[in-house]
Structure formats: C-alpha cells, structure tokens
Amino acid sequence: MVASPVQLVRPRRFGDARGWFTEVYSVPTFAALGIYCPFVQDNHSLSGPAFTLRGLHFQTPTRGQDKLVRCIRGRIFDVAVDVRAGSPTYGQWVGAELSAENGHQLFIPIGFAHGFVTLEPECEVTYKCSDTYAPAHDGGIRWDSVAIDWPIPTGIAPELSDKDKVQPTLAEFDSPFAYDGRPLTPLA
C-alpha cells in the first residue's frame, strides 16, 4: 500500500529528573519516514482566546508549501484537507491533537489545505515551510465548507480572521494541485 502523504510524527522524548530532550527535525529521520523536504522558513503564532480557528490555508503552485506543524504551548486540533484535483480522497480530511505535552507534529504536504483550532487559551504553534511566503500564491477555503468535525462546543463561534471569514468554499474552489497517486488515509 502507498503511504499516506499526510503523516503524524511522534518524536521520541528522552527524559530524566531534569526534564526531557527531543529531536523535532532531522533529515535522516524524516527521510526514513518518506518525507524528503528542505525547509526554508519557520513560522510562530500565538492565539490568545480558546477556539481561535486559523485556516484552511495553502500556497498555490509554483510556490506551494510543505508544512511541519507543532504546538509548543497549549493544545490545538490540527487538520489537513485533500485539495488535489483528481484525488479519490478530494475534500476528505484528517486531524490530530497536537500539544506541548504530547510533542506530536503533523506533516502536511503541498496539495492539502491546513488549519487548526485552539483548544485552550494562549496557544503557540510553530511550523516549518518548504517555501517562503508568497502573497500572490496565498490561498484558502472556508473552514466550514468541509465536513470537519471541529472540537468546538455547541453554541461557541470560533474566533476567525477577516480573511478566513470570506474564503471561497470547497465547492467554489478550482484546484491547481495535481494528484500524485497517494490517497489520504487515516493517521497511524
């Protein structure tokens, strides 16, 4: 079976009485997972209120971005949505809780929209990107146009940016991303 392009990475932590140490990125370790990606930009965000939702974002070709996302303070629910034209899993999504406590990371390749919702106040998220920010290639789809099971309590409206409030729906989106033969599968 072909490996899913989106992967949940669980770096090992080495602990003792002082705390712990972990290697969050290593070319050989990631190559062993089938992830061959030179990262060229690191981003860091702070979201104050709980249930701040950022996404669903991507950069279009020729400036697409692979992303490696982790939460370094608090907890988030992180998602990737398949937006590759011709994919048998187009419009489907996977998600995982990333937290400072669990140390998990989500690798999201080009061709997937990315977003997250904070599950508590004062969350910090860092992510590596395989290309720098290119405003002319900045894109997204509306967070509620995909049947994502966001863990937002009933009656709570997520905090959104003005940009995220007016993104096109998935149905309105004409994808420039090509399917690479690797369908989206559940996270292992």
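In this predicted model, the chain exposes about 9500 Å² of accessible area, and carbon and sulfur atoms supply 55% of that surface. Buried residues account for 48% of the 188 residues in the chain. As for charge, the chain carries 16 positive and 21 negative charges, and the mean positions of these two sets lie 5 Å apart.

The secondary structure consists of two helices and 14 strands. The chain has a radius of gyration of 16 Å, close to the 16 Å expected from the globule rule for 188 residues, so it is as compact as a globular protein of that length. Along the principal axes, the C-alpha atoms fill a box of roughly 55 × 40 × 30 Å. Among contacts in the chain with a separation of 6 or more, 85% are between residues 24 or more positions apart.

Two residues in strands can be followed in detail. Asp82 belongs to strand E7, which covers residues 75–82. Is Asp82 buried or exposed? With a relative accessibility of 0%, Asp82 counts as buried, because the cut-off for burial is under 20%. Leaving aside residues up to four places away in sequence, Asp82 touches Ser87, Thr89, Tyr90, Gly91 and Gln92, and also Gly111, Phe112 and Leu184.

Gly95 sits in strand E9, residues 93–99. Its relative accessibility is 27%, so Gly95 counts as partly exposed. With residues up to four places away in sequence again set aside, the contacts of Gly95 are Phe77, Asp78, Val79 and Leu187. Thr132 is 37 residues from Gly95 along the chain, and the C-alpha atoms of the two are separated by 24 Å.

The cysteines remain. How many disulfides does a search of the whole structure find? The search finds zero. Cys37 is in no disulfide, and the nearest cysteine sulfur, that of Cys129, is 9.0 Å away. A disulfide requires two cysteine sulfur atoms within 2.5 Å, so a pair beyond that cut-off does not count. Cys37 has a relative accessibility of 7% and therefore counts as buried. Cys123 is likewise in no disulfide; for this residue the nearest cysteine sulfur belongs to Cys71, at 5.0 Å. Cys123 counts as buried too, because its relative accessibility is 0%.

Notes:
Residues are numbered from 1 along each chain as its sequence is written. This is a predicted model: local features need pLDDT of at least 70, side-chain atom pairs count only at pLDDT 80 or more; totals for chains, interfaces and linings use all residues. Side-chain values use heavy atoms; hydrogens and water are left out. Helices (H or I, at least four residues) and strands (E, at least two) are DSSP runs, numbered from the N terminus. The radius of gyration is taken over C-alpha atoms; the globule rule is 2.2 Å times the number of residues to the power 0.38. Buried means under 20% relative accessible area, exposed over 50%, partly exposed in between (1.4 Å probe, protein chains only). Contact means heavy atoms within 4.5 Å. Accessible areas come from the Shrake-Rupley method with a 1.4 Å probe; for residues, only the protein chains shown count as cover. Lys and Arg count as positive and Asp and Glu as negative; His and the chain ends are not counted. The place of a charge is taken as NZ of Lys, CZ of Arg, CG of Asp or CD of Glu.
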